[in-house]
Amino acid sequence: MAKKNTRDGAVAGRKRPSLEVFRRRLDRIDADLLKLLSERTSVVLEVKAAKQATGGRIWVPEREAAQLRRLTRLNLKSDVPVPEDALRAIFGEVLSASRALQRDLRVAYLGPEGTYSELAARRHFGSQAEFVPVSTIASIFDAVEKRQVELGVVPFENSTEGIVGQAIDAFVESPLHIVGERQLDIRHALLGHKEGLEPVRRVLAHPQALAQCRLWLEDNLPQAELREVSSNAAAAHQAARNKTSAAIASVEAAERYGLEVLKEGIQDLARNVTRFVIVGAEDQVAPESGGKISILFSVRNEVGVLAKILAPLARAEVDVLKVESRPKRGHLWDYIFFMDLSGDLEDPAVARAVAAIRKHCVWLKVLGSYAAAQSK
């Protein structure tokens with residue numbers, strides 16, 4: 001006769017294991033994980049010695065991207081898969097620690113501390129890198145070019161506000177390349193003081209953040225002055241010194257600047273994503289292979305020239321992911337075009353298509369061939 005089930009799912013007559021039993025199992029698993037991490041550390045040190053002997057790169061983005069893709073596939077085959085965000089966070093830290101064992105990695109980002117740029121940098125490189133805040137996008141490029149840092153994290157495009165013109169301008173003048181990218185879901189919060197919304201007379205934020213939260217501010221703080229500042233972190237810093245001010249910034253910035261989170265998720269669109277690109281010198285970090293190609297070019301002023309640009313891409317079955325134009329500084333009515341393509345420059349057909357484009361351009365620069373960030 002089958003045993004009767006109790007309400008909580010336990011089989012009648014069978015004693016449920018105690019919490020202590022589960023804790024002992026977890027302790028054994030953690031000990032096994034520690035042994036494996038120690039073994040991995042030993043191999044990383046051997047890799048370090050091999051790289052020192054051959055002059056190999058410390059950060060190999062294509063290798064890390066391939067590792068994370070492989071682990072994601074293996075995870076999906078598990079009986080109880082680890083949540084994908086947790087998996088990437090865990091192994092992101094493992095890879096970050098491996099890099100730190102080989103050499104300190106210095107990364108510049110658009111500061112001050114507490115910006116979304118810093119958050120993107122930390123999520124991409126893990127906690128073991130050294131993060132250097134700088135004041136402008138141009139300063140990020142300058143720091144990498146002068147070898148003050150190895151890499152830079154540059155805000156490049158927002159899903160609601162479009163491409164960041166200062167980044168395009170910097171790429172026109174700079175020898176740096178894109179070696180990777182990161183997408184970050186932007187969830188704006190209103191940060192203020194414990195007194196709440198009632199005393200708020202002004203809201204400080206970066207102009208893009210104000211634009212992205214316009215409807216919420218009109219509905220909830222219609223009388224407040226909206227004041228633009230250089231960054232959301234600067235807004236939080238200023239708001240912390242004035243009881244009648246609030247700031248739009250990330251939740252993470254609240255603790256850093258001693259503010260209260262008055263309201264989370266105040267952006268007008270539920271999905272607000274910023275794309276950050278990782279920039280490096282070509283002889284420091286080779287452009288990563290696979291997934292996406294970014295190019296800049298200018299063309300002659302002639303009829304049908306853009307059709308001539310697109311034709312070889314169509315023949316090679318290369319998807320054009322994005323095309324955007326920007327006025328060329330100092331040249332009236334001349335434009336720079338930015339284009340994202342799917343594919344890999346190591347594919348001969350793709351390489352021939354890009355070479356064919358070059359014939360119709362006054363100037364063309366391949367910014368990078370790199371792994372595309374995974375969209376959620």
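Hi everyone, this is a short walk through one protein chain, from its overall make-up to a sheet and a surface patch.

A word first on where it comes from: what you see is a predicted model. The chain has 376 residues, and 43% of them count as buried. By secondary structure, there are 12 helices and 15 strands. If you like contact maps, take the contacts with a separation of 6 or more: residues 24 or more positions apart account for 76% of them. As for the surface, the chain exposes about 20,900 Å², with carbon and sulfur atoms supplying 52% of that area.

Now please look at the sheet. Four strands make up an open, antiparallel sheet, and their order is β13-β14-β12-β15. At the edges sit β13, residues 320-327, and β15, residues 361-370, each pairing on one side only. From one strand to the next, the twist averages 15°.

Inside that order, β12 (residues 292-299) pairs with β14 (residues 335-342) in the antiparallel sense, over six bridges. If you want a spot to zoom in on, Phe297 stands opposite Phe337 in β14. And what lies across β12, β14 and β15? That is helix α12, residues 348-358, which runs at about 155° to β15.

Last stop, the surface. Leu26, Ile29, Leu33 and Leu36 form a nonpolar patch there, and together they have about 380 Å² of accessible area. Let me pick out Leu36, which lies in helix α1, residues 19-54. Is Leu36 buried or exposed? Leu36 counts as exposed because its relative accessibility is 52%, and the cut-off for exposed is over 50%.

Thanks for listening, everyone!

Notes
Residues numbered from 1 in each chain as written. Predicted model: local features only at pLDDT ≥ 70, side-chain atom pairs only at ≥ 80, totals over all residues. Heavy atoms only, no water. Pairing = 2+ DSSP bridges. Helix = DSSP H or I, 4+ residues; strand = E, 2+ residues; numbered from the N terminus. Axes fitted to C-alpha atoms, helices over the stretch in contact; angles between N-to-C directions. Contact = heavy atoms within 4.5 Å. Patch = residues over 30% accessible without salt bridge, like charges linked within 9 Å, V, L, I, M, F, W, Y side chains within 5 Å. Areas by Shrake-Rupley, 256 points an atom, 1.4 Å probe, with all protein chains shown as cover. Salt bridge = Lys/Arg side-chain N within 4 Å of Asp/Glu carboxyl O. Buried < 20%, exposed > 50% of the residue type's maximum accessible area, 1.4 Å probe, protein only.
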